[in-house]
Amino acid sequence: MAATATTAAMAIAVATASPTASVPTFSSLPLSLRRRPQPLLLLAASRRHILPVPKASWDESVPEEEGEAEESEESAAAGDDEDEDEKPRPEPVSSSEFQLAAPPEGYVEPAAFDELPPESPEDVAAAYESLYGPAFSGETVLGNNVFEVKVVDPVDMDREQRPNDDFSERVVQVSRVTKVVKGGRQLSYRAIVVVGDMKGHVGVGVGKAKEVTEAITKAAMNGRRNLVTVPLTKYSTFPHRADADFGAARVMLRPACPGSGVIAGGAVRVVLEMAGVENALGKQLRSKNPLNNARATIKATQMMKQFKDVAEERGIPMEELWK
């Protein structure tokens with residue numbers, strides 16, 4: 001078996017070598033190969049390491065393959081050149097060539113944050129006011145701590161401490177409300193109050209409390225927060241007619257000639273009188289709920305416009321409105 005492997009190796013070497021190349025003999029092989037000859041397949045696979053073949057003895061087909069490979073490389077390089085010609089790439093700019101813009105004349109570099117002098121609370125408050133305006137109280141923050149402002153509930157006010165303004169109050173309805181809970185029933189009261197100054201300003205408020213007086217006070221404060229302006233003519237009536245809905249209630253308002261008075265009923269009459277209307281017609285068309293009718297009346301008055309406002313919107317003088 002060893003003789004056969006050695007003979008096969010010698011035959012392969014002779015077949016692959018050129019006549020001019022020197023072929024090593026068996027005696028020139030290393031001792032390891034002589035004592036332990038490799039199988040035929042392993043010897044054939046590793047013949048390049050054992051029997052190097054000179055470059056001049058390669059087959060003639062190899063240069064052709066090399067030539068074809070060179071041609072393919074040249075064509076690929078030519079294709080890359082064409083791609084580069086079609087899509088030119090911008091030249092890279094080195095970071096050393098970039099220069100910052102020169103600062104303007106008179107520029108003074110600001111100091112670092114940790115080098116600035118410490119700010120006092122007055123400076124901080126002044127800077128805040130310059131950006132966002134006065135504080136919550138409407139006064140300057142300097143000398144007025146917002147967190148120490150005491151908000152007084154209107155229910156806790158005495159009669160003398162309550163707001164003394166030109167607005168008068170009129171109670172429309174006080175109803176008792178019962179809430180059934182696990183332990184029994186909780187009784188409370190709901191008050192509807194209309195607030196007005198008889199000069200075109202009126203508001204409807206609602207308040208709830210355990211006592212009637214507290215509920216009325218809360219409703220009056222709520223009405224002052226929801227004041228609206230009612231457009232009136234020199235005869236203390238509406239400039240034109242208007243209808244409005246609120247919930248299931250529907251209210252109809254019509255102007256009236258001087259001397260007619262307020263011809264209306266229920267919550268509509270209270271709202272018109274507190275607004276300062278002296279001549280008008282009002283009608284509740286659907287629901288009789290006092291709160292919904294009062295709010296529907298407020299909504300109807302907000303749908304009205306003065307003659308001068310309509311003339312300004314149309315861009316014409318007031319005399320042409322009746323032509």
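Before you click anything, a word on labels: helices (H or I, at least four residues) and strands (E, at least two) are DSSP runs, numbered from the N terminus. Two strands pair if DSSP finds at least two bridges between them. What you have open is a predicted model, in which local features need pLDDT of at least 70 and side-chain atom pairs count only at pLDDT 80 or more, while totals for chains, interfaces and linings use all residues. Residues are numbered from 1 along each chain as its sequence is written, and side-chain values use heavy atoms, leaving out hydrogens and water.

**Stop 1: an antiparallel sheet**

Select 168–181 and 228–229 to begin. These are β1 and β4, the edge strands, each pairing on one side only. They belong to an open sheet of four strands, ordered β1-β2-β3-β4, with antiparallel pairing.

Now pick out the middle of the sheet. β2 and β3 run antiparallel and are joined by eight bridges; look for Ala191, whose bridge partner in β3 is Gly207. These two strands make a hairpin with four residues between them, and Met198 in that turn has a positive phi of about 65°.

Next, follow β3 (residues 201–209) across to β4, where the antiparallel pairing has two bridges. Zoom in on His201, which stands opposite Thr229 in β4, and on Val202, which faces Val228.

**Stop 2: helices over the sheet**

Add residues 266–275, which are helix α8. This helix lies across β1, β2 (184–196) and β3, running at about 140° to β1. (Axes are lines fitted to C-alpha atoms, for helices over the stretch in contact, and angles run from 0 to 180 degrees between N-to-C directions.) Then add α9, residues 290–302, which lies across β1, β2, β3 and β4 at about 155° to β3.

How do the two helices meet? The axes of α8 and α9 come within 8 Å and cross at roughly 40°. To find the contact (heavy atoms within 4.5 Å), select Ala267, Val268, Val271 and Leu272 of α8, along with Pro290, Asn293, Ala294, Thr297 and Ile298 of α9.

Is α8 buried or exposed? Seven of its 10 residues are buried, so the helix is largely enclosed by the rest of the structure. Buried here means under 20% relative accessible area, with exposed over 50% and partly exposed in between (1.4 Å probe, protein chains only). Among the buried residues of α8 are Val270, Met274 and Ala275.

**Stop 3: the glycine after α8**

Step just past the end of α8 to Gly276, which takes a positive phi of about 95°. Gly276 sits in the loop between α8 and β8 (280–284) and is buried, with a relative accessible area of 14%.

What does Gly276 touch? Leaving aside neighbours within four places in sequence, Gly276 is in contact with Met198, Leu232 and Ser236. Met198 is the turn residue you visited in the β2–β3 hairpin. Try drawing a line from Gly276 to Leu232: they are 44 residues apart in sequence and 8.6 Å apart in space, C-alpha to C-alpha.

**Stop 4: a mixed sheet**

Last, bring up the open sheet of four strands in the order β5-β6-β8-β7, where the pairing is mixed. Its edge strands are β5 (242–246) and β7 (262–263), each paired on one side only. Helix α8 packs on this sheet too, touching β6 (249–255), β7 and β8, and its direction makes about 150° with that of β8. Finish at the parallel pairing of β7 and β8, which has two bridges: here Val262 stands opposite Ala280 in β8.
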